[in-house]
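Biologist: I would like a close look at a single part of this structure. Please describe the part and its surroundings in terms that a first-year student can follow.

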Amino acid sequence: MDRATLYINELKLVLDLLSSEVIDLVIDTMHAARIGGHRIFVMGNGGSASTATHMVCDLAKNTRKPGWPSFKVIGLADNMAIFSALANDEGYENVFVQQLANLVEPGDVVVAISASGNSKNVLNAVDFANKIGAITVGFTGFDGGKLGKMSKINLHVPSDCIEQVEDIHLMLEHLIAKSLRELVQSPEDSFAEMNPHKDC
């Protein structure tokens, strides 16, 4: 079997093991945050930082609908000035938690992307978010690591191949963003009808 076919076949096997129930729970959680005016924070390191940035872009832009509130989404790996200042002065393990400390509130959603599930800076931020009363969502791979156990919702990719874990994390981000956009496309549904007393 050639290398491309082997990689693709392995990827297909992992996709079949994903939990559709957990995916739906993440979608519902983010939709509720949108309706409730809560913020969504997204973080990750390396390739997971790229996926986090991609998610922020898609949620902020590609889910917009007139008459509906836009997502209040913030990427914690995107501001290099504050990221590097925190890393330099307070340690790399604190680059996410200290940003959250300034902003996160109960009911906000904190999305932590880590293939290993053991990145110290991610774990510190998730621990803080849990104590604050935020809803923590882990995107994990391998055995889930510590993040899988700490997250209130663990969207786990059961693969030991880092490239395939990252492939599927990005695919899941796209799936979630597309689903969230489609949730507000029905003409009979509107944010005003769901919240008739919002301006009272």
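**A strand and its sheet**

Modeller: Strand β1 (residues 39–44) and strand β3 pair in the parallel sense over five bridges. The model under discussion is a predicted one, and the part chosen here is strand β3, together with what surrounds it. One point of contact can be named in the pairing with β1: G44 has I113 in β3 as its bridge partner.

β3 also pairs with strand β4 (residues 135–140); the two run parallel and are joined by six bridges. In this pairing, V109 stands opposite I135 of β4. As general background, strands of a sheet pair through backbone hydrogen bonds, either parallel or antiparallel.

The next matter is the setting of β3 within the structure. Strand β3 covers residues 109–114, and six of its six residues are buried, so the strand is largely enclosed by the rest of the structure. Here, buried means under 20% relative accessible area. In a regular strand, side chains alternate between the two faces of the sheet. In β3, V109, V111 and I113 point one way, whereas V110, A112 and S114 point the other way, and all of them are buried.

The view may now be widened to the sheet. It is an open sheet of five strands in the order β2-β1-β3-β4-β5, and the pairing is parallel. β2 (72–75) and β5 (153–156) stand at the edges with a single partner strand each, so one side of each has no neighbour in the sheet. On average, neighbouring strands of this sheet are turned by 15 degrees against each other, direction ignored.

The edge strand β2 pairs with β1 in the parallel sense over four bridges. Within that pairing, the bridge partner of F41 is I74 in β2. β1 thus has β2 and β3 beside it in the strand order.

A helix accompanies these strands as well. Helix α2 (residues 20–36) lies across β1, β3, β4 and β5, and runs at about 130 degrees to β5. Strand β3 is therefore one of the strands that α2 lies across, in addition to being enclosed because six of its six residues are buried.

To summarise, β3 is joined to β1 over five bridges and to β4 by six, and its residues are buried whichever of the two ways they point.

Terms used:
Residues numbered from 1 in each chain as written. Predicted model: local features only at pLDDT ≥ 70, side-chain atom pairs only at ≥ 80, totals over all residues. Heavy atoms only, no water. Buried < 20%, exposed > 50% of the residue type's maximum accessible area, 1.4 Å probe, protein only. Pairing = 2+ DSSP bridges. Axes fitted to C-alpha atoms, helices over the stretch in contact; angles between N-to-C directions. Contact = heavy atoms within 4.5 Å.
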